[in-house]
Amino acid sequence: MHYIYNASFFKADLKEFAKLYLEALPADVTCLLSRGSSGCSICSAMIALSDNRELHHIYIKKDGENSHSLFSGSLNDGEVIAIVDDFTDTGGTVNSLRAWLRDRGVEAKYIILHHGSPFPGSELVILVEGRY
């Protein structure tokens, strides 16, 4: 399937992106962690499409985003966390989310993202704890 990132991402194709991520998401994940509006959009759509699967989402704001708080959601004991990012080139978003978790004494078990330039030709990647 071919996607044009900014032209389609925030329209009907968001459902298709979310399905792709949800299908790849390991079964033990209980918490999605994202940063930025595109990561938040994917996670929200994943939860809406998750049927009977219990997932919740923690959203960390990017620098310059201004609203009521730095993040929404809460970490619960025993959470299996997946960092969700729409795509990565530098790893900045993933690294900032990992640092946020480390500050709380927690690690993400998985990282799920597209690697490389946004979508055409990129690949969905799942990184597992201890291998990233």
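This briefing covers the fold, helices, strands, salt bridges and selected loop residues of the structure above. The model is predicted. The protein has four helices and six strands, and from the N terminus these elements follow the order α-α-β-α-β-β-β-α-β-β. Of its 132 residues, 44% count as buried.

**Overall measures**

- Taking contacts between residues at least 6 apart in sequence, 63% join residues that are at least 24 apart.
- The exposed area of the protein is about 7200 Å², and carbon and sulfur atoms account for 49% of that area.
- The structure contains two salt bridges.

**Helix H2 (residues 13–24)**

- Helix H2 has twelve residues, which at 1.5 Å a residue should span 16 Å; the end C-alpha atoms are 17 Å apart, and this agrees with the expected value.
- Five names make up the buried set of H2: Leu14, Phe17, Ala18, Tyr21 and Leu22.
- Viewed down the axis of H2, these buried residues fall within an arc of 130°, so they line one face of the helix.
- Glu16 and Lys19 both belong to H2 and are three residues apart, about one turn of the helix.
- A salt bridge joins Glu16 to Lys19, with 3.8 Å between the closest N and O atoms.
- Glu16 is partly exposed at 27% relative accessibility, and Lys19 is partly exposed at 31%.

**Helix H3 (residues 37–49) and the loop after it**

- The 13 residues of H3 should span 18 Å at 1.5 Å a residue, and the end C-alpha atoms are 18 Å apart, in agreement.
- Buried residues in H3 are Ser38, Gly39, Ser41, Ile42, Cys43, Ala45 and Met46.
- Asp51 comes just after H3 and takes a positive phi of about 55°.
- Most residues other than glycine have a negative phi.
- Asp51 is a residue other than glycine, yet its phi is positive.
- Asp51 sits in the loop between H3 and strand E2 (56–60).
- With a relative accessibility of 71%, Asp51 counts as exposed, because the cut-off for that class is over 50%.

**Strands E1, E2 and E4**

- In a regular strand, side chains alternate between the two faces of the sheet.
- In strand E4 (residues 81–84), Ile81 and Ile83 point one way, while Ala82 and Val84 point the other way.
- All four of these E4 residues are buried.
- Strand E1 (residues 31–35) runs parallel to E4, and three bridges join them.
- Cys31 has Ile81 in E4 as its bridge partner.
- Ile58 belongs to strand E2 and is buried, with a relative accessible area of 0%.
- Ile58 and Cys31 are 27 residues apart along the chain, and their C-alpha atoms are separated by 7.3 Å.

**The loop between H4 and E5**

- Val106 is located in the loop between helix H4 (92–102) and strand E5 (110–115).
- Val106 has a relative accessible area of 24% and is therefore partly exposed, since buried requires under 20% and exposed over 50%.
- Leaving aside residues up to four places away in sequence, Val106 touches Leu75, Ile81 and Leu101.
- Ile81, one of these contacts, is also among the buried residues of E4.
- The C-alpha atoms of Val106 and Val80 are separated by 9.9 Å, and the two residues are 26 apart along the chain.

**The salt bridge between loops**

- Side chains of opposite charge can pair when their charged atoms come close.
- Lys109 and Asp28 form a salt bridge through their side chains, at 2.6 Å from N to O.
- Lys109 is in the loop between H4 and E5 and Asp28 is in the loop between H2 and E1, so the pair ties together parts that are 81 residues apart in sequence.
- Lys109 counts as partly exposed at 30% relative accessibility, and Asp28 counts as partly exposed at 29%.

Key. Residues numbered from 1 in each chain as written. Predicted model: local features only at pLDDT ≥ 70, side-chain atom pairs only at ≥ 80, totals over all residues. Heavy atoms only, no water. Helix = DSSP H or I, 4+ residues; strand = E, 2+ residues; numbered from the N terminus. Buried < 20%, exposed > 50% of the residue type's maximum accessible area, 1.4 Å probe, protein only. Contact = heavy atoms within 4.5 Å. Areas by Shrake-Rupley, 256 points an atom, 1.4 Å probe, with all protein chains shown as cover. Expected span 1.5 Å × (residues − 1). Arc of directions from axis to C-beta. Pairing = 2+ DSSP bridges. Salt bridge = Lys/Arg side-chain N within 4 Å of Asp/Glu carboxyl O.
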